[in-house]
Every structure is written in structure tokens, then in C-alpha cells.
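Q: Could we go through how the surroundings of a ligand and the pockets of a protein are read from a model? I should like the general idea at each step and then the particular case.

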Amino acid sequence: MKITVLSGGVGGARFLRGLRHHLRHVHPDGNGGTTDSITAVVNTGDDMWLTGLRISPDLDSIMYTLAGANDEERGWGRIGESERVSAELRAYGVGWPWFTLGDLDLGTHITRSHYLRSGLPLSEATARIAARWDLGLRLLPATDDEVETRVVIDDEGSTLHFQEWWTRHRASLPARAFLQQNVEAATPAPGVLEAIAEADLVLVAPSNPVVSIGTILGIPGIRHAVTTASAPVVGVSPVIGGAVVRGMADACLEAIGVATAADAVALHYGSRATGGVLDGWLVGGEDAAAVPVVLAAGIRAAAVPLWMRDLDTSAAIAREAIALALP
Ligand code: FO1
């Protein structure tokens, strides 16, 4: 079975790890999982140039998590990390003092920047970097173009890079809007549209609906590919019991006028029957009351445990998503 997953960083990474586990160990295809394949189409709106290096937080979160090299506690970066270079950068006064690039992590950023400066597109740089690790899936940036998310923070239209709003200000400055700089000219990275069109199942990870999934769907051509895919499309709610599972996605939802509720996010994505992107939507057990609301909007729905506490609970969510899509 070919599964394509639209994904942001940390939540998406955990979901993908569970999906891989489910396909490999819980429900192998009889060939040890070898005919199943997963393609992750990943948000790059959080990316930026910093100290001369290209940083791609969501691609790296997925890569480190699936490689077992991630810092589970912190949610981003490498396990066993040191920060000597970052201390030097601070002493020189370059970079963002509130944004720490770990020493091991810098190896990834230097390698990516080296490939980009050699003229390779981000998708090829990502494939070469990912080849070092045994990820068990294909990692694709949504686009090779630099489409960075900016946050409008006042009436004059002043903007901050998403990373500054999120990490430095912890999403505390009321966001008026989110902009995808240069999105009109962007194209999906090679393989993205094919991965969606040729999939047996498309999944929307429990990622930030606005700045992760919204950014992916905003790349010209991707939303159309999802709405017209022959495969069913099932999403997993990032909101459980009226609160976001992690991060500050509620601040992003508020900015676009969507309530922090599992049914509201499903209605925001919309049913494919009426031009939206979903055929099915998984909500948490706490949100059973959302199921009839989602069903009434023409989206199949089920309430199941959605807390990704460990590999087994993440794999169970993947199993439920597949069951909802392919009953
Ligand atoms: N998040 C932080 O809260 N503080 C940091 O210093 C920080 C550094 C960092 C470096 C590389 C990287 O790939 C991610 C990093 N993150 C950091 C996480 C990141 O800012 C966000 O969580 C995501 O961009 C939102 O998905």
C-alpha cells in the first residue's frame, strides 16, 4: 500500500513513526512490510537562512525522530546535543540569540546549505541527507522554492518570520494573519503531486492546520491534487478535548477565526464532497460529541484515543486512520 502523509514537524514526526511501526510490525503486508511505502510531504514554511545556513525545522524533526536521534523531551533537535558553536555565535553577536543551533544539528544545516549552494534543489539535498539514516520512508519538502511563513502583527502590516513569532515571542503577539511569502511563484517539489495522485491512501497528520498543513496546501497545485486524488483522504485531529496537543496552534487557529475544537478544524479543512480536503477525520475519545457534527458535514468520523504517548499508541492511531479510510 502506498501512503502519502501531509506533515508538519513534531506531531507529524510522531505520527509517522507510529505509522511506520504499524506497517512494519503490527500489520505487515506479508513481505515484512516491503511493499508498503510511505511518502511524507513536509511543510517548509518554518524554514529560514540563519548565520549563512538553511534551517528546515520540520524536515529535521521528522528525520531525527524516525532515525531515533531526536531529543524526545524538548521535541526538536538531536539527543545528546551540545551547544558550543551556538555560544560562540552569540559571543560574535550573529544569528538569533533566542534560537539555539546545536552542534550536531549544525552538521545537518551545514550539509544542507552546502548542497543548496552547489545548486541542488532542497528535495535532492533532503534525499541525500536522509540517505544517511534508516528512515523507512521518503521525505519530500512540499516545495523546493523558498516560501516562508510570515506573521502580520499589527494594523500597519508589519510582519515577523514565523520562527521569531513562535520561538522568541511564544506566539504571544496576537497574529492578524499568516502570509506565505512568494507562494504564487512556487511549485510543488518533484514527486509531490505524483505521491498524492498515485497513493492508495492520503493522510493528514495531527499537525498545525494553519502554518503546517495550511502552508503545504497553499503551494499552487497541492490542494487540487488532494481534492482530486483517487485515494481516500483521512486526517487526524491535532486538537483533543478543546486544546492543542502541543505547541501553540490555538493562537494560529484564533488568527484565522477557527475555534480550537476537533470539529471546527474538520470543518475548516472541509469535505472532499464539497471542495474540501477530507473524506475522514479522527477525533479523540474526549471529542465523541464532535463525530455527528463532522458526519453532518459529509466527512466520515470516529472517536479514538489520540494521545501519542509512545510507539504503540501512535501505531494504534495510524491503524485507526487506515481503518476509517479503507473499512
Ligand atoms: N525551538 C525553540 O523553542 N527554541 C529553539 O532554540 C529552537 C531551535 C531550533 C533549531 C533547529 C530546529 O530545527 C528547530 C528548532 N526549534 C527551536 C524548534 C522550532 O522552532 C519550532 O518548534 C518549529 O519550527 C515549529 O514547528
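Q: How far is an oxygen atom of the ligand from an N or O atom in the side chain of Asp46?

A: The model is predicted, and the distances below are computed from it. A polar contact is read as a pair of N or O atoms within 3.5 Å. Here, an oxygen atom of the ligand lies 2.9 Å from an N or O atom in the Asp46 side chain.

Q: Which distances describe the ligand at Trp76 and at Thr100?

A: The partner atom may belong to a side chain or to the backbone, and each case should be stated separately. In the side chain of Trp76, an N or O atom is 3.2 Å from a nitrogen atom of the ligand. At Thr100 the partner is a polar backbone atom, 2.8 Å from an oxygen atom of the ligand. The ligand taken alone exposes 540 Å², of which the protein buries 88%.

Q: Which residues come nearest to the ligand, and how does the shell divide by class?

A: A shell is read first by its members and then by their chemistry. There are 13 residues around the ligand, and Asp46, Thr100, Gln163, Thr167 and Arg170 come nearest. By class, the shell holds six nonpolar, three polar and four charged residues.

Q: Which helices each supply at least two residues of this shell?

A: Contributions are assigned by secondary-structure element. The helices are H2 (57–67) and H6 (162–168). H6 gives the most, with three residues.

Q: What is the volume of the largest pocket, and which residues are closest to its centre?

A: A pocket is described by its volume and its lining. The largest pocket has a volume of about 880 Å³. It is lined by 41 residues, and Val10, Asp58, Gly75, Trp76 and Trp166 are the closest to its centre. The space taken by the ligand is this largest pocket. Its lining divides into 16 nonpolar, 15 polar and ten charged residues. Helices H1 (10–26), H2, H4 (103–117) and H6 each supply at least two lining residues, and H2 gives the most, with five.

Q: How much space lies in the second largest pocket, and how many residues line it?

A: The same reading applies to another site. The second largest pocket holds about 230 Å³ of space. Its lining has 15 residues, with Pro209, Val210, Gly214, Thr215 and His268 nearest its centre. Strand E8 (177–180), helix H8 (213–218) and helix H11 (262–269) give two or more residues each. The largest share, four residues, comes from H8. By class, this lining has eight nonpolar, six polar and one charged residues.

How values were computed: Residues are numbered from 1 along each chain as its sequence is written. This is a predicted model: local features need pLDDT of at least 70, side-chain atom pairs count only at pLDDT 80 or more; totals for chains, interfaces and linings use all residues. Side-chain values use heavy atoms; hydrogens and water are left out. A residue is near a molecule or strand if one of its heavy atoms lies within 4 Å of it. A polar contact is a pair of N or O atoms within 3.5 Å; within protein, one must be able to donate a hydrogen and the other to accept it, and residues adjacent in sequence count only if both atoms are side-chain atoms. Accessible areas come from the Shrake-Rupley method with a 1.4 Å probe; for residues, only the protein chains shown count as cover. On a 1 Å grid over the protein atoms alone, a cavity is a set of points where a 1.4 Å probe fits but cannot get out, and a pocket is an open set with protein on both sides within 12 Å along at least five of seven lines; lining residues have an atom within 4 Å of a point. A molecule sits in a cavity or pocket if more than half of its atoms lie within 2 Å of its grid points. Ala, Val, Leu, Ile, Met, Phe, Trp, Tyr, Cys and Pro count as nonpolar, Asp, Glu, Lys and Arg as charged, and the others, Gly among them, as polar. Grid points are joined across faces, edges and corners, and a volume is the space filled by probe spheres set on the points.
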